Amino acid sequence: MSLKKNSGQMELEETIRNPGFKDADDGGSAADTSSSGTGERRDSTAVKLDAAAEEYTQLKPYAGMPKEVLLLHSSRARYRVPREILFWLIVCCTLALVAVTITIIALSPPCLRWWHITPVYQVYPRSFKDSDGDGVGDLKGIKEKLDHFLDLNIKAVWISPFYRSPMKDFGYDVEDFRDVDPLFGNMQDFEELLAEMHNKGLKLIMDFIPNHTSDRHRWFNLSRTRDPHYKDYYVWTDCDPASPKPNNWVSIFGNSSWTYDEVRGQCYLHQFLKEQPDLNLRNPDVVQEIIDLISFWLEKGVDGFRMDAVKHMLEAAHLRDEPQVDPDMPPELVTTEWDLYHDYTTSQVGLHDMLREFRAVMDDYSREPGRYRFMVTESYDYEEVDKTMMYYGTPLVKESDFPFNFYLLDLPQNTSGWWAKHLVELWMSNMPSGKWPNWVVGNHDRPRIGSSAGRMYVRAINLMLLTLPGTPTTYYGEEIGMENINITQSQVQDPAGKYNVSLSRDPERSPMQWNSEKNAGFNTQTNKTWLPVHPSYETVNVEVQKEDKGSVLSQYRFLNSLRQSELPFLRGWFCYVLSDTNVFSYLRELDGHKEAYLIVINFGKEFSTTDLSAVKELPYELRVLMSTNANNNQKVFQKSRIQTEAGEGLVIRYSTYTRYHPSHPAQCYVSEKACYLETVGVLYKC
């Protein structure tokens with residue numbers, strides 16, 4: 001290496017490496033290149049410095065310096081110390097970030113799934129929208145109206161059966177589980193509907209019927225001819241063809257559960273219509289067939305199933321007579337399901353093991369991120385609510401996400417605050433700890449709430465449905481306050497009403513009322529509808545109510561948006577405050593969240609003044625956020641004089657950090673405890 005002195009400056013000249021370079025601080029000479037071992041002089045590598053160069057002790061760092069120079073400078077304290085400080089600072093920050101992340105994960109409550117957040121909307125496909133003018137709703141019609149669900153802020157749609165079927169029970173008698181009935185379209189129509197729903201962020205829940213098939217199903221035809229593989233696919237037993245009653249079991253639709261089959265020469269069991277033979281689910285091959293069917297639809301992308309009539313899936317193998325409710329009744333007069341205790345035809349041992357198998361299959365398909373598969377079970381257990389709760393599963397083994405809660409269907413029996421609280425408490429007090437409740441006020445088998453309870457209570461019932469904890473289920477048309485239609489014997493379509501028009505379920509299945517035009521917009525191509533349209537359709541329809549801010553529809557939309565946007569409704573405590581002859585009142589609150597909600601609903605038949613002055617956690621004055629009577633919106637009440645008309649419901653929002661539930665634990669419920677840290681907007685376990 002050589003140095004040039006030019007105009008008082010020194011610069012390094014491109015040259016070969018100088019292995020003899022030493023730091024001046026060490027007393028070395030940059031000019032000493034002699035070898036101490038050999039004493040030989042290497043003139044070719046020697047560097048001679050003039051007087052000015054000899055005074056130079058160290059070069060400053062410069063771009064492109066060789067490794068030796070770089071290492072020389074990097075080992076100095078003024079470079080090394082900042083580097084080490086920065087290194088350990090990064091390590092500490094990384095560890096702190098990891099610790100914070102672990103803490104947040106450990107303290108965060110479980111994430112809510114889609115079926116926690118959104119209501120479930122039931123579509124009865126025959127009655128929702130007709131796209132081809134035959135007078136019957138279909139899959140393309142549902143696709144046309146998907147924006148209606150988005151307008152309601154509903155993301156989960158349950159569609160009643162559309163499998164290929166002889167329609168003896170309107171789709172619940174399935175001829176082919178892997179096909180769509182031509183009445184509703186075809187498989188391509190279904191796939192297009194499902195794809196469009198997913199594009200819009202909607203979930204599709206299908207009805208699934210594991211208990212029985214149609215008597216036209218291929219399995220049944222092979223079973224009745226005693227095909228070696230299929231002979232035990234159904235429940236067969238020997239019987240007298242002249243009097244086909246192997247025992248006293250009766251069907252849901254009345255009369256004996258047994259029908260003689262001339263082809264096989266035996267009786268087969270049917271807990272519903274004789275055209276709906278019960279599958280023998282004690283046969284492992286049948287169970288595997290059911291699992292394969294579940295997988296078939298999950299492969300197509302279905303988001304969940306409503307399992308129909310699950311308590312009937314197994315029967316006692318001994319086929320003994322069931323005990324009579326009235327032991328003195330002559331056996332020949334036992335003709336209805338209410339005449340017997342169903343000890344041998346419902347809720348048999350092994351039922352829940354089978355449902356857990358189905359759940360396990362669905363869990364396999366739920367592993368895909370964002371594609372949780374939902375399962376709800378249907379079982380009317382009436383006063384035996386403990387049997388219904390078993391469908392939740394156990395803390396270790398999951399079954400259904402929840403069993404349908406039908407107890408609010410009994411609300412019309414006694415419209416009062418006490419009765420409303422009793423029906424809510426019936427579920428909440430029996431539900432296993434940590435489980436998620438749900439509420440149903442109407443479906444395709446029960447009269448519409450507007451007809452059974454009365455039109456004046458529709459808004460209040462919707463308010464309760466959307467402010468109680470858990471998942472609400474809305475039957476199509478309830479969001480606009482549709483009522484039952486009146487039908488004559490000649491108009492009856494329902495098999496259950498063919499013999500007794502009073503038993504027909506047609507009144508609650510009338511066509512959806514979309515607008516004020518012909519056929520209420522249900523069928524715009526012809527003048528055919530499979531059932532009559534309700535005469536109120538000109539004023540009670542979606543189009544009219546969209547424009548009216550005080551309509552049933554507008555209030556439904558507001559309440560649903562409130563439910564999904566406010567943490568106390570999805571994450572918070574539910575506490576009873578008061579119930580009397582008229583009023584049912586409760587709170588929704590969340591620890592750490594400043595805003596809480598007081599719900600006051602008058603289910604009575606007269607004006608009521610509610611005194612809540614004893615509730616010290618409430619502020620003295622309360623402002624109404626929303627009333628089912630729009631004239632009372634923003635009205636201010638003293639807590640000692642909250643006034644409601646018959647059928648009126650109030651949502652009152654107030655601000656306080658004083659919570660009600662700590663001093664009233666017996667009156668309060670929560671599925672998963674959580675607290676809100678308002679300063680950073682974070683939920684955590686508490």
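**Touring the domain 1 and domain 4 interface**

Select domain 1 and domain 4 together: in this predicted model, the two bury about 380 Å² between them, with 64% of that area on carbon and sulfur atoms. The size of an interface is often given as the accessible area lost when the parts come together.

To place the selection within the whole chain, colour by the domain assignment, in which domain 1 covers 82-111 and domain 4 covers 565-684, while domain 2 is assembled from the segments 116-210, 283-323, 344-412, 439-466 and 474-560, and domain 3 from 212-280 and 324-343. If you then draw a line between the centres of domain 1 and domain 4, taken over C-alpha atoms, it spans 40 Å, and the contact itself takes five residues from each of these two domains.

Next, show Leu-107, Pro-109 and Pro-110 as sticks, since these residues supply 86% of the area that domain 1 buries against domain 4, more than any other three residues. Which polar features cross here? Between domain 1 and domain 4 the count is one residue pair in polar contact, with both residues at pLDDT 80 or more, whereas zero salt bridges are found across the interface.

Finally, move to helix α3, residues 77-107, and select Ile-90 within this helix; together with Leu-86 and Leu-89, Ile-90 makes a nonpolar surface patch of about 300 Å².

Methods: Residues numbered from 1 in each chain as written. Predicted model: local features only at pLDDT ≥ 70, side-chain atom pairs only at ≥ 80, totals over all residues. Heavy atoms only, no water. Patch = residues over 30% accessible without salt bridge, like charges linked within 9 Å, V, L, I, M, F, W, Y side chains within 5 Å. Areas by Shrake-Rupley, 256 points an atom, 1.4 Å probe, with all protein chains shown as cover. Salt bridge = Lys/Arg side-chain N within 4 Å of Asp/Glu carboxyl O. Helix = DSSP H or I, 4+ residues; strand = E, 2+ residues; numbered from the N terminus. Domains from an automatic or database assignment. Contact = heavy atoms within 4.5 Å. Buried area = accessible area lost by both parts, 1.4 Å probe. Polar contact = N/O pair within 3.5 Å; in protein donor to acceptor, adjacent residues only side chain to side chain.
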